[in-house]
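Colleague: Got a minute to go through this model with me? I'd like to start with the charged side chains and then wander a bit.

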Amino acid sequence: HGESLHCPVCNRDVERAVVEANGEIIPFKRIGTRSLEGTFILSKPGHYHFVFLDGRTEVAKGPDLSITIEADTAPEVRLSSPADGVEIDGDEQSLLVKYDATDDYGLSELALVYRAPGQQQPRVKLTHDDGRSTRGQYKWNAGALKLSPGQTVSYYLEATDNDAVAGPKKGVSRTQTFKLYSAAEHRRAAVHKAEAVWERFVTH
């Protein structure tokens with residue numbers, strides 16, 4: 001994390017100050033004569049303290065303050081609708097995809113990633129809020145994929161966070177599928193089922 005600190009110095013003017021964090025010396029900027037501010041990167045747990053200087057001479061030192069690091073986690077993203085394995089018919093080739101995502105840094109991107117027969121792995125950017133959580137829906141025009149009856153599409157959501165220190169992290173939802181209705185496939189299944197029932201009847 002990048003940590004910004006502001007330190008008011010109440011009892012005396014200060015010429016110069018640094019922060020010593022885990023053995024590293026970080027100079028701070030003087031604001032007026034009695035205030036300091038600066039930024040440093042916290043990469044591991046430990047301690048830090050202020051050191052006040054007059055030229056090169058140390059004139060005062062603040063108490064040790066603890067540094068606790070909480071690791072950045074990948075975004076969590078969930079699909080709440082539609083159900084996995086849903087079948088769409090040829091007259092209504094659209095899906096309403098409902099989703100929600102969270103991250104401790106906030107999201108920089110949210111995308112629908114899918115794989116359809118004969119296509120690469122396209123990405124569709126989805127709208128998301130600027131905060132740490134977002135919820136939304138996307139009406140997916142599956143008819144534009146030009147599927148043939150019986151073909152299946154797999155898809156998932158991918159979220160990217162705003163971690164500018166350690167680098168953006170990605171999280172994905174579970175992978176789901178949908179299929180374009182096939183009358184021929186359903187007829188074959190019905191025939192197979194009828195044949196199985198007939199075989200059991202003849203056997204008995």
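Colleague: How many salt bridges does the count come to?
Modeller: Seven salt bridges, where a salt bridge is a side-chain nitrogen of Lys or Arg within 4 Å of a carboxyl oxygen of Asp or Glu. Bear in mind that this is a predicted model, with local features needing pLDDT of at least 70 and side-chain atom pairs counting only at pLDDT 80 or more, while totals for chains, interfaces and linings use all residues. Residues are numbered from 1 along each chain as its sequence is written, and side-chain values use heavy atoms, with hydrogens and water left out.

Colleague: OK, which residue forms a salt bridge with R123 at 2.7 Å?
Modeller: E109 does, going by the closest N and O atoms. R123 sits in strand β13 (residues 123-125) and E109 in strand β12 (residues 107-115), 14 residues apart. Strands here are DSSP runs (E, at least two residues), numbered from the N terminus. E158 also meets R123 in a salt bridge, with 2.7 Å from N to O. E158 belongs to strand β15 and R123 to strand β13, so that pair ties together parts that are 35 residues apart in sequence.

Colleague: Is R123 buried or exposed?
Modeller: In between: R123 is partly exposed, at 41% relative accessible area. The cut-offs are under 20% for buried and over 50% for exposed, with partly exposed in between (1.4 Å probe, protein chains only). E109 is partly exposed too, at 22%, whereas E158 counts as buried at 10%.

Colleague: And what does K169 pair with?
Modeller: K169 forms a salt bridge with D163, the closest N and O atoms being 3.2 Å apart. K169 is partly exposed at 25%, and D163 is buried at 2%. There's also a network: E109, R123, K125, E158 and K170 are joined by salt bridges that share partners.

Colleague: Switching to rings. How many aromatic pairs does a search of the whole structure find?
Modeller: Seven. Rings of Phe, Tyr and Trp (its six-membered ring) pair if their centres lie within 6.5 Å; planes under 30 degrees apart are stacked, over 60 edge-to-face, and the rest tilted. One of the pairs is W140 with Y155, which is edge-to-face at 5.4 Å centre to centre and 80 degrees between the planes. W140 is in strand β14 (residues 133-141) and Y155 in strand β15 (residues 152-161), so this pair bridges parts 15 residues apart in sequence.

Colleague: How buried is Y155?
Modeller: Its relative accessible area is 0%, and W140 is buried as well, at 3%. Y155 also pairs with F178, this time tilted: 6.1 Å centre to centre and 55 degrees between the planes. F178 lies in strand β17 (residues 176-180), 23 residues from Y155. Elsewhere, F28, Y48, F50 and F52 are linked into a cluster by ring pairs.

Colleague: Which residues touch the most other members of the largest nonpolar core?
Modeller: Y114, W140, V153 and F178, out of 24 residues. A nonpolar core here is a set of buried Ala, Val, Leu, Ile, Met, Phe, Trp, Tyr and Cys residues joined through side-chain atoms within 4.5 Å. β9, β11, β12, β15 and β17 each give two or more residues to this core. A second, separate core has 13 residues, including V14, V19, A21 and F50.

Colleague: What about the sheet with β9, in which order do its strands run?
Modeller: The order is β9-β11-β14, an open sheet of three strands with antiparallel pairing. Two strands pair if DSSP finds at least two bridges between them. β9 (76-81) and β14 are the edge strands, each pairing on one side only. Nine bridges join β11 (residues 94-102) to β14, and S94 has N141 as its bridge partner in β14.

Colleague: Last topic, backbone oddities. Where is the cis peptide bond?
Modeller: Between S81 and P82, with omega about 0 degrees. P82 is in the loop between β9 and β10 (86-88).

Colleague: And which residue has a positive phi of about 50 degrees although it is not a glycine?
Modeller: That's N22, in the loop between β2 (16-21) and β3 (24-27). N22 is partly exposed at 33%. K146 also has a positive phi, near 55 degrees; K146 is in the loop between β14 and β15 and is exposed at 70%. For context, most residues other than glycine have a negative phi, and most peptide bonds are trans.

Terms used:
Helices (H or I, at least four residues) and strands (E, at least two) are DSSP runs, numbered from the N terminus.
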